[in-house]
Amino acid sequence: MKSPAINQAMNILRLLREISEGADTLPVKLDKIITMIVREMKADAGTCYLVVDDNYLELFASCGFNPGIAHKISLRVGEGLVGDVAEHNRSLAVADVWKHPKFSYKPDMGEDAYKSFIGVPLSRWRRAIGVLTLQKKEIYEYTRLEMEILETVAMVLSELVASEEMSEYKNSLIRARGQSEKEKYKGLSLSKGYGLGNAVVHRRRQVVTKIFAEDKEKELKKLEAAHTRMNADLDEKFDAAKLGIGEHVDILDAYRMFAKDKGWYKKIADNVQSGLTAEAAVERAYEDMWNRLSGTTDSYLKERLHDLRDVADRLLGYLSGDNAALSPVNSDNLIIVAQTMGPADLMDYDYTKIRGLIIEDGTPTMHVAIVAKALNIPVVAKIKGIFSEIKTGEMLAVDGNEGYVYIRPGIPVQEKIKAKIAEKEKLQARLAELKDLPGKTKDGVKINMYINVGLAFDLDYIESTNCDGVGLYRTEIPFMASDVMPDVEKQVGYYKELMDRADGRKVIFRSLDVGSDKLLPYWGNVGEDNPAIGWRSIRITLDRRAILRKQMRAFLRAAAGRELNVMFPMISNLSEFEDAKETLMIELEKEKRRHGEVPSKVNVGLMIEVPSVVFQLDAILKQADFISIGTNDLAQFIFACDRGNPRLSERYDVLSAPFLKMMGEIVSKADEAGVYCSVCGEMASNPIEALALIGLGYRNLSMSGSSFGRVKSMVRSVNTIDIEDYIKTLLKSNKRTLRPQLISYAYDHGIEIY
Ligand code: PEP
Ligand code: MG
């Protein structure tokens with residue numbers, strides 16, 4: 001910016017701060033701010049719209065338009081010029097609005113006299129939270145310089161708009177409109193468990209109010225000191241935390257390397273050299289990177305942007321000196337609430353006190369969710385607007401099993417969550433007691449009970465449950481937690497570790513099952529409309545054969561001298577299975593020619609997840625050594641019901657006649673053909689559903705390690721003949737769900753279904 005422009009910007013920022021720090025109420029402050037900006041920018045009119053309810057912009061303050069219109073004008077995000085600025089989070093200048101195709105005329109505004117327009121977004125976390133506009137009566141081309149000044153002003157104004165004071169004000173408006181406060185929110189569970197505690201709203205972002213530096217040398221020294229201290233603290237924090245081993249530790253190490261990146265530091269230092277304060281230089285470095293990468297569809301680069309934002313915020317904290325006071329809540333039970341969060345941020349809190357994590361923008365592959373899961377912290381994500389709804393200190397309850405968050409829960413909800421927590425503790429104690437008892441029913445039928453493994457952390461369950469083996473190893477999980485595609489050697493390491501820990505028990509390896517909601521950070525996301533039925537799983541690995549071949553090689557080498565079981569996911573027809581199996585067999589031949597030690601036996605199977613293979617079972621059972629049913633995917637395709645959609649999660653039930661009949665037919669056919677058949681989807685992890693499976697004839701169940709104790713106590717209290725009879729009568733019912741009947745049956749027959 002040229003110096004008169006700098007003076008103009010500085011003057012507006014000074015006035016803005018004076019008004020913000022004054023004693024007026026928030027609506028008065030906003031009016032004064034808009035009037036001041038209109039005057040200082042020599043415009044004729046101006047507005048401030050704020051995003052409410054995610055999709056709407058509401059007019060909060062104006063100058064030069066009809067009086068009394070605040071809160072009476074609203075626009076959809078995307079509607080009109082203002083909506084366009086919000087939708088794209090991008091400034092827009094128009095010389096004559098009347099000629100612009102997107103202009104949307106609002107008769108109540110009193111805007112007939114105005115022609116030129118400039119709008120800039122008020123944004124936070126790269127999302128527009130409002131729009132600041134100016135208008136002139138004449139046709140006028142706003143200059144780049146004027147836009148920059150207004151953007152600088154918007155940056156500071158955004159902080160006021162995102163303040164606690166503003167969210168109080170918005171809430172009071174909602175209350176005044178007679179809308180009842182919502183208490184229970186449905187989100188997506190990213191990690192199971194229950195938690196009760198006080199909210200800690202995780203706000204890292206600092207307000208950058210001082211943009212230009214008076215003394216470059218001083219700023220550089222300040223930057224260097226903050227950067228050094230931040231890295232030393234990170235080293236100390238991570239080393240001190242007893243995190244065991246696993247992907248979560250790799251993630252935190254990668255973050256630590258990122259914070260030390262020399263290129264990033266140099267960019268900030270260069271910005272300071274060009275006249276910015278250290279704080280503004282950090283923001284500028286971030287914005288440059290964001291401008292370059294924000295359009296990418298590459299999820300790896302997107303994930304790096306998250307990391308960069310987190311590290312930038314951390315450094316800003318050190319620069320402003322308020323990095324220490326993160327948890328203002330004096331409680332032994334904390335529930336962290338974040339809009340988004342880096343994995344290292346979790347370590348800022350005493351993680352032994354964290355009872356839950358709520359992330360507004362969370363996704364299943366998010367690193368912080370993987371870390372939280374490994375630390376046994378329940379996580380609920382994807383609840384729009386929850387971040388601005390919750391205030392630090394408020395009581396919260398988290399139900400990570402069903403994906404619910406309760407704000408200010410009443411006594412009954414608190415009691416329910418406490419009971420669930422106690423139940424979990426009791427079950428853990430019970431698990432220890434059951435550990436050495438056989439997985440046999442009351443009438444002496446052996447049920448083989450396996451666990452599903454993904455994270456390194458899950459390996460501990462092999463010993464703690466004393467299970468019969470690993471019925472599903474989701475090999476994609478270590479791929480997802482890695483920053484680069486693991487090579488054969490690295491994969492051999494993962495697989496061998498699992499076989500060693502299994503110590504002779506059965507282990508079933510599943511080939512890479514990526515795509516849909518399981519994205520690899522280093523692979524571009526192809527952006528399909530329906531990824532769950534798109535290019536995923538075996539469809540990817542058959543097309544990218546080298547990946548499949550390498551994985552098969554790694555399986556064969558890891559299992560040298562031992563029995564190897566490999567299964568392929570998402571098979572839709574016999575020829576896909578034959579094709580995948582042939583790839584494995586070719587690799588086996590190559591290994592033999594290489595004179596490497598090969599497995600003592602190789603069994604090849606497939607997952608039953610796509611309905612089409614259910615109708616090709618006879619042929620498949622002639623070729624497969626075993627089958628395993630992925631009820632999570634199978635149910636979503638049978639019911640045409642997205643498994644990740646919280647709105648649908650209670651609509652269709654696997655405990656209904658159509659689904660159970662199909663499950664019954666699969667196991668009967670497999671038994672007739674003498675082919676091992678198991679269930680490794682979530683159905684096997686839930687005692688009441690596992691009870692139905694036993695009634696249908698299933699004798700091999702593979703479940704999550706954390707459910708093992710509950711399922712085992714059910715198994716030990718059931719009589720197979722009785723439940724088989726009962727299921728036969730149930731299958732005649734046309735009810736939407738047979739769950740209530742099965743639950744009553746369990747109670748009546750003393751079957752333990754915790
Ligand atoms: C399933 O679909 O049931 C299954 C076990 O696979 P995943 O949950 O990993 O898709
Ligand atoms: Mg599946």
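# Close-up views of a predicted model

**View 1. D345 counts as buried because its relative accessibility is 2%.** Buried means under 20% relative accessible area, exposed means over 50%, and partly exposed is in between, all with a 1.4 Å probe and protein chains only. D345 belongs to helix α11, residues 343-346. Helices are DSSP runs of H or I with at least four residues, strands are runs of E with at least two, and both are numbered from the N terminus. Look also for V311: its C-alpha atom is 9.4 Å from that of D345, although 34 residues separate the two along the chain.

*How to read these views.* This is a predicted model, in which local features need pLDDT of at least 70 and side-chain atom pairs count only at pLDDT 80 or more, while totals for chains, interfaces and linings use all residues. Residues are numbered from 1 along each chain as its sequence is written, chains are lettered from A and ligands numbered from 1 in the order in which they are written, and side-chain values use heavy atoms, leaving out hydrogens and water.

**View 2. Here is L223, a residue of helix α6.** This helix covers residues 216-240. L223 has 0% relative accessibility, so L223 counts as buried. Which residues is L223 in contact with, leaving aside neighbours within four places in sequence? They are Y265, I268, A269, V272, A278, L315 and L319, where contact means heavy atoms within 4.5 Å. L542 makes a useful landmark elsewhere in the model: its C-alpha is 51 Å from the C-alpha of L223, and the two are 319 residues apart in sequence.

**View 3. This view shows ligand 1 and the residues around it.** There are 14 of these residues, and R474, R510, E609, N632 and R643 come nearest; a residue is near a molecule if one of its heavy atoms lies within 4 Å of it. Two elements, β16 (469-474) and α23 (631-638), each supply at least two residues of the shell. Helix α23 gives the most, with three residues. Now find the oxygen atoms of the ligand. One lies 2.8 Å from a polar side-chain atom of E609. A backbone N or O atom of N632 is likewise 2.8 Å from an oxygen atom of ligand 1, and for a backbone N or O atom of T631 the distance to a ligand oxygen is 3.1 Å. Taken alone, ligand 1 exposes 290 Å², and the protein buries 99% of that; such areas come from the Shrake-Rupley method with a 1.4 Å probe.

**View 4. Q551 sits in helix α19 and pairs with T475 through their side chains.** The helix spans residues 545-558. With a relative accessible area of 1%, Q551 is buried. The side chains of Q551 and T475 make a polar contact at 2.9 Å. A polar contact is a pair of N or O atoms within 3.5 Å; within protein, one must be able to donate a hydrogen and the other to accept it, and residues adjacent in sequence count only if both atoms are side-chain atoms. Beyond four places in sequence, the contacts of Q551 are T475, F479, Q491, Y495, R510, S511 and L512. R510 may look familiar, as R510 is also among the residues that come nearest to ligand 1. P486 is 65 residues from Q551 in sequence, with 9.6 Å between their C-alpha atoms.

**View 5. T720 is found in helix α27, residues 720-730.** Is T720 buried or exposed? Its relative accessibility is 4%, so T720 counts as buried. Not counting residues up to four places away in sequence, T720 touches T441, D443, V445, I694 and R699.

**View 6. K382 and N466 each have a positive phi although neither is a glycine.** For K382 the angle is about 60°, and for N466 it is about 55°. K382 lies in the loop between β12 (379-381) and α13 (386-389). N466 is placed in the loop between α15 (460-465) and β16. K382 counts as partly exposed because its relative accessibility is 49%. N466 is partly exposed too, with a relative accessible area of 31%.
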